[in-house]
Amino acid sequence: MNIVIAGAGDVGFHLAELLVTENQNITLIDNDQEVLDYAGSHLDVMTIRGDATSISTLEQARVGDSNLMLAVTTSEKTNMMAAIIAKKLGSRRVIARVDNEEYMEPEHEETICSLGIDQIISPRQLAAMEIERLIKQCSFTDIFEFEEGKLSLLGITLEDGSPLVGVRLADIKHLRSTVGLHPIAILRGHKTIIPRGFTQLKTNDHIYFITKPEKQHLVQEFVGKKQRTVKNIMILGGTNLAISTAKRLQDNYNITIVEKKKTRCQEINQQLNNVLVIKGDYTNIDLLQEEGLDSMDAFISLTDNSETNIISCLTARNHGVYKTIAQVENKEYIHISQNIGVDTLINKKLLAANSIFRFVRKGNIEAITSLHGVDAEVIEYVITKSNQMTKKQLKDLHFPDTALIGGVIRGEQTLIPNGETQLQLNDKVIVFALPQAIKRLEELFR
C-alpha cells in the first residue's frame, strides 16, 4: 500500500513508525528539513521537503497513486486543504487531523464529506472521550466498546487480595457462562501473554477481558474490585486536552483545574462554567493539598510533560486518590509508569493510530485498538462471505496460536465463544492478535 503522510511531527512520525513495520510504502512531507532528516535516519521512508498544500509537492509525492493520504500537521487548515487537494489529485482515501470539535459533530459530517475528505480525526477529542469513559468506570484501567457497547474490552490490575491471584485460568472457565468473563490478554511487566488454561495469574498482572456491558459490575466483583463512585476530580494542567475533558465532565462532577499561568487560567474560566480554576505550581504538593487533593476521587494529569504527569499521579495515589490518569506521550515511559503504579495512561498518538489503522489492514475491518504497553492489537473483523471460517467450529480452524477470538456480535446478539462456536455470515468477530499472527488473520478474514 502506498501511503503519503503530511506532517512529520509527533503524530506523523508515530504513524510512519508504526506503518513502516507493516511493510507499507511511506512518503513523508514536511517543511522542516531537520525533522525530515531525523525521520529519514530512523525509518525506511521517502521524505519530501515542502508545503503539503502545494500541488507540485503533492505531485512529487505521487499522491495521485496513493491508497491513503494522512494530513496530520499541527495546522488544521493545512490538513484540510492538503486532504482536499490530495483527493482531487486521485488519492483513494484521505484523512485529516483537526482540533475544532465543531467539525466532529454528526450534523456537519455531510459538509466535510462534500469537500472530498473521507474522514477527520481529532486526537484531542478521542483522548477526552477515553477519559470520560474511564471516569465513569473507574475500576478499569482500559475501556473499549465494540458496536456502540454491545461488547466491552476491559483492562484491570490484579492487586494483593484479589481472589484471582494464584488461580489457573482453567479453574475459572465455568465463569464464562455466569459472569460472561473471557480473558484475552495479560500484560506482566514488559511481557504480553495470550491466556491459556495453564496460565496462573499473579499480583500486578494487567488482565484484559471481553464481556457484555451489563456484566461489567460482575467482573469487578469477581476480580475483587469494589464499585466506586467518582464525584470530585482534580485536573493538573490547563492544556487544550484538559479543557476538552473538563467540558465533558463539568456537568456531572466537581472539577478543580490547576494551571500555573495566570493568563491561561483566565482563558479557562471563559471557556468553562462549573469548574474551579486554581493558579499554582504543579509540583507544589502543599498547594494541591490545600485545594483538596486528599478528598479527590480522581486525579487526571494532562500537562505537556510526561514526567510531570507520571510523578504527580504517583503522588496523588500516595495521598489516597482512587483513580489516576496520566497523559504519557513518550512511549518509552508507558511500561515504566504502569509497572510503578500509575492507574491509566492516555496517549493521543496511539488513539489516532487506532482510528487510522483499520484503513491500512487487509480484510474487512470495523475497528482496531491497541492496548498501552501490550505488543498486540484487538481487531474487529466482519465475515462478508462464506469460507472456511463459517464451515467449521472454532476448534477445527487452523487459527494461529498467537491470536484468539474474544467475542462475536451477531446482529443484536453477543456471544462469548468457545471451541464449539461456529461463525456465520455477517458476524463481527473480535480478535486479539500478536504481530506475528496478522498475516494469517488477513488471509482468513479476507
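1. A nonpolar core is taken here as a set of buried residues of the kinds Ala, Val, Leu, Ile, Met, Phe, Trp, Tyr and Cys, joined through side-chain atoms within 4.5 Å. In this predicted model, the largest such core has 47 residues, and those with the most contacts inside it are Ile5, Leu70, Phe399, Val431, Leu441 and Phe445. Helix α1, covering residues 10-20, gives the most to this core, contributing 6 residues.

2. Leu70 may serve as an entry point for inspecting that core: leaving aside residues up to four places away in sequence, Leu70 touches Ile3, Val4, Ile5, Ala6, Leu15, Leu19, Ile95 and Ile356. A second core, separate from the one just described, comprises 46 residues, among them Ile156, Leu169, Val275 and Ile346.

3. Turning to the strands, an open sheet of 6 strands follows the order β14-β13-β12-β15-β16-β17, with parallel pairing. The edges are held by β14 (275-279) and β17 (344-346), each of which has a single partner strand, so one side of each is left without a neighbour in the sheet. From one strand to the next, the twist averages 20°.

4. Within this sheet, strand β12 (residues 232-236) and strand β13 (residues 254-259) run parallel and are joined by 5 bridges; in β13, Ile255 is the bridge partner of Ile233.

5. Two helices can be placed against these strands. Helix α10 (residues 262-271) lies across β13 and β14 and runs at about 175° to β14, while helix α12 (residues 306-318) lies across β12, β15 (298-301) and β16 (323-327), running at about 175° to β16.

6. A search of the whole structure finds 3 aromatic pairs. One of them, formed by Phe13 and Tyr38, is tilted, with 5.5 Å centre to centre and 45° between the planes; the pair links distant parts of the chain, with Phe13 in helix α1 and Tyr38 in helix α2 (residues 33-42), 25 residues apart. Phe13 has a relative accessible area of 16% and is therefore buried, given that the cut-off is under 20%, whereas Tyr38, at 46%, is partly exposed.

7. Another of the pairs, that of Tyr381 and Phe445, is stacked, with 4.2 Å centre to centre and 5° between the planes. This pair also links distant parts of the chain, since Tyr381 belongs to strand β19 (residues 377-382) and Phe445 to helix α16 (residues 438-445), 64 residues apart. Tyr381 is buried, with a relative accessible area of 0%, and Phe445 counts as buried at 2% relative accessibility; Phe445 is also listed among the residues with the most contacts inside the largest nonpolar core.

Conventions:
Residues numbered from 1 in each chain as written. Predicted model: local features only at pLDDT ≥ 70, side-chain atom pairs only at ≥ 80, totals over all residues. Heavy atoms only, no water. Buried < 20%, exposed > 50% of the residue type's maximum accessible area, 1.4 Å probe, protein only. Helix = DSSP H or I, 4+ residues; strand = E, 2+ residues; numbered from the N terminus. Contact = heavy atoms within 4.5 Å. Pairing = 2+ DSSP bridges. Axes fitted to C-alpha atoms, helices over the stretch in contact; angles between N-to-C directions. Phe/Tyr/Trp six-rings, centres within 6.5 Å; stacked < 30°, edge-to-face > 60°.
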